[in-house]
Amino acid sequence: MRHHTSVLLLLLSLCLVRSASAQPIDLKLIAALPVEGLDNAQPSGLCWVDGVLYAVSDHHDHTICRVELLEDVAHMEPYITFDAPWSGAWVRGLDFEGLAYRDGSFFIISEATFRVLRVHETGRDLAWVTPSVKEAGSAVGLFREKSACLVGLALLGGGRVVLAAERAQRGLIDIVVDTRGEASISALECATTSLTLEPPREVDFSDLFFDGTDLYALTRNADAVVRITFDENGLEELEVWSFGLVTNAPEYRYQDMKFGKAEDLTMDDEHVYVILDNNGMARASDPTDTRPLLFVFARP
């Protein structure tokens with residue numbers, strides 16, 4: 001995308017929440033796999049492509065990883081290495097979050113530059129495909145904390161990309177890039193939720209997933225996957241799939257569960273994949289085990 005791309009900002013000051021009354025569904029666990037293979041792995045994006053799972057880590061600025069699901073572990077190793085082009089901003093690290101795939105290319109958010117990078121599956125043909133959304137998000141109260149900015153993206157087709165702002169406040173950034181490379185940006189603050197949160201947990205998003213029809217949000221602090229819709233009138237939270245019984249089970253919980261650990265979400269036709277970023281913390285049942293965990297659930 002050229003640097004002179006014109007940008008139209010549509011700023012919506014508050015994203016009101018509407019909710020369905022259906023009871024949450026508890027996801028059925030199929031497998032819980034410790035993540036090995038990548039030094040200092042801190043998973044920050046996950047996607048499923050043609051029967052293969054891929055991931056990024058926010059401490060690895062030049063790498064897209066392949067995740068092999070074995071009987072008792074998930075093996076995460078570099079698949080594509082690349083050098084991102086100049087982003088237009090001086091940053092110490094790109095801090096990649098979120099991962100999606102379409103038409104032969106991966107798409108990743110750089111939380112540090114507030115932009116989306118496209119990486120062809122060959123590792124070539126890299127380009128920043130959105131302008132920075134920092135101004136649009138800040139104008140409606142997003143991005144108030146440096147470590148709580150963009151965490152997930154979904155590709156909705158027709159040049160439309162939706163990004164999730166994590167917390168303080170959480171929100172959604174809706175970007176449409178037309179055939180001339182011009183982008184319109186809508187920013188919405190989504191400060192409330194119908195989901196139950198245990199204090200001091202706060203309302204959040206940690207990832208997005210679009211299955212071609214429906215948009216889903218991962219909400220780590222509610223230990224849930226939620227089908228959502230949104231427009232200029234606000235956010236609607238629909239079906240809720242809960243995995244809190246799993247993440248808080250004695251054999252899987254980490255030593256400090258004050259806040260949720262679920263970082264990334266993807267699905268196939270039969271499964272829901274949720275990966276935890278434990279930031280090097282040990283599990284409560286084994287103080288020597290500091291590996292992240294990948295959960296495979298049956299898709300309702």
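What does the protein chain average in pLDDT, the predictor's confidence in each residue from 0 to 100? The average is 93, and 93% of the residues score at least 70. This is a predicted model: local features need pLDDT of at least 70, side-chain atom pairs count only at pLDDT 80 or more, and totals for chains, interfaces and linings use all residues. Residues are numbered from 1 along each chain as its sequence is written, and side-chain values use heavy atoms, without hydrogens and water.

**View 1. The hairpin of E9 and E10**. Strands are DSSP runs (E, at least two residues), numbered from the N terminus. E9 (residues 96-102) has 5 of its 7 residues buried (under 20% relative accessible area, 1.4 Å probe, protein chains only). The rest of the structure therefore largely encloses E9. Strand E10 (residues 105-110) pairs with E9 in the antiparallel sense over 5 bridges (pairing needs at least two DSSP bridges). Tyr 101 has Phe 106 of E10 as its bridge partner. The turn holds 2 residues; Asp 103 there has a positive phi of about 50°.

**View 2. The largest nonpolar core**. A core is a set of buried Ala, Val, Leu, Ile, Met, Phe, Trp, Tyr and Cys residues joined through side-chain atoms within 4.5 Å. This one has 24 residues; Phe 143 and Ile 175 are among those touching the most other members. E10, E13 (150-157), E14 (160-165), E15 (171-177) and E16 (183-189) each give two or more residues. A second, separate core of 21 residues includes Met 267 and Val 272.

**View 3. The N-terminal residues 1-5**. Here pLDDT stays under 50. The model has 10 contacts (heavy atoms within 4.5 Å) beyond four places in sequence for this stretch.

Terms used. Buried < 20%, exposed > 50% of the residue type's maximum accessible area, 1.4 Å probe, protein only. Helix = DSSP H or I, 4+ residues; strand = E, 2+ residues; numbered from the N terminus.
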